[in-house]
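Colleague: Could you take me through the labels used for this model, one by one? I'd like to see each value next to its cut-off.

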Amino acid sequence: MEIRAAVARPPGVFSLETVELDAPRAGEALVRIVAAGLCHTDVAALDQHLPYPLPAVLGHEGVGFVEAVGDGVTRLAPGDAVVLTYGACGVCANCQSGRPAYCLQSRRLNFAPCRPDGSCSHHALGRPLSAGFFGQSSFATHALVRERNAVKVPGAVTADELATLAPLGCGVQTGAGAVLNVLKPAVGSTVAIFGMGAVGLSAVLAAKLAGCSRIVAVDLHAGRLDLAAELGATDLVRAGDGPAGPQVQARVAGGTDFAVEATGIPSVMADAVASTHRTGTTVLLGLAAAGSSVTFDASLLLSGRTVRSSIEGDGVPEVFIPRLIALHRAGSLPFDRFCRHYPVDAINDAVADCRRGDTIKPILHMDAGDFRRFGRSSAAA
Ligand SMILES: [Zn+2]
Ligand SMILES: [Zn+2]
């Protein structure tokens, strides 16, 4: 079938093109994409900091409605509203032990430019495009996904609500999961969170939800710190005014119980570790440049501190995403506060806004009519 897709082409721009998409094969579902969030990993692939062969259809925070399913698909049916997330095999040792983010087939299922059998699902003018990015390639009117990439949205859902749920597939799941699944802070705990992008702000929301008594937000930009304060941060540290570790320690005597690092910058990783007290735990979420290394005072590790990383917040998407949807519906996880909506035709503007730091989480609507209608019903009420 013919679809419309934002194709990433060298030297780092998206072009809206007509693309030929295969019908769903065994184990695949065809999803009509309503909207998709733009994540830094998409921009990293566009810029080729993350090697993914271009031209390609990127996008890995899609939401939409299932239109058709291939043979053997049993959990999804046409009409289902779904949040798309990363791919995992479901059968390896890590998947079987409830850690699908560490799936042993992860590279093949998320970063291969074609299906596992080598066939290409997307073509433009008869030439294959790289697709299947995070098992979805959702910057398009339609996506082909494996059954495990799609999480059903519970209950009735409008296209408007579905569009707001897009960042659950990666950014929100990662930041909220780092707090709720990895750190599991006891009520009254203290946490420092580095980098107020979508991941860091989601961690702020989750820390507030978990009852943390002190939530120290660290960022370079005053505007982002103001937003963090509105969303629950109790203390703000402007990075760049000297090393952030001592500044956090000055606010929370002895250091915080926990630190969350969401920038991927090695010096910030070291700051995060230095912010915690003896026996504190730091979780690293940011994607560091390949080959980079982190240096910190080795004596920090002699005091019982823990440093670990997390991919996608360690959750099981089929369980965790519906929980996050319920929290969002209850008003307890207002991640829509840092999202900005665009029609997909403005995808290059969204990338530019993201690079400048003007937009934290762009959400791209695949249908211009949907975009024009978006928010109208609630605004009129
Ligand atoms: Zn697996
Ligand atoms: Zn992402």
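Colleague: What makes Cys-114 partly exposed?

Modeller: Cys-114 has 25% relative accessibility; buried means under 20% relative accessible area and exposed over 50%, with partly exposed in between (1.4 Å probe, protein chains only). So Cys-114 counts as partly exposed. By contrast, Cys-170 has 8%, so Cys-170 is buried. A word on the source: this is a predicted model, where local features need pLDDT of at least 70 and side-chain atom pairs count only at pLDDT 80 or more, while totals for chains, interfaces and linings use all residues. Residues are numbered from 1 along each chain as its sequence is written, and side-chain values use heavy atoms, leaving out hydrogens and water.

Colleague: Why is Cys-114 not bonded to Cys-120?

Modeller: A disulfide needs two cysteine sulfur atoms within 2.5 Å. The sulfur of Cys-114 is 5.3 Å from its closest cysteine sulfur, in Cys-120, so that is too far for a bond. The whole structure has zero disulfides.

Colleague: What makes Cys-39, His-60 and Cys-170 donors of the zinc ion (ligand 2)?

Modeller: Donors are N, O and S atoms within 2.8 Å of the metal (3.2 Å for Na, K and Ca); water is not among the atoms, so sites may look incomplete. Cys-39 (SG), His-60 (NE2) and Cys-170 (SG) lie 2.1 to 2.2 Å from the zinc ion. Their spacing along the chain is C-x20-H-x109-C.

Colleague: Why are H5 and H6 called oblique?

Modeller: Their angle is about 40 degrees. Under 35 degrees counts as roughly parallel, over 145 as roughly antiparallel, 65 to 115 as roughly perpendicular, and the rest as oblique. H5 and H6 are therefore oblique to each other.

Definitions and conventions:
Chains are lettered from A and ligands numbered from 1 in the order in which they are written. Axes are lines fitted to C-alpha atoms, for helices over the stretch in contact, and angles run from 0 to 180 degrees between N-to-C directions. Helices (H or I, at least four residues) and strands (E, at least two) are DSSP runs, numbered from the N terminus.
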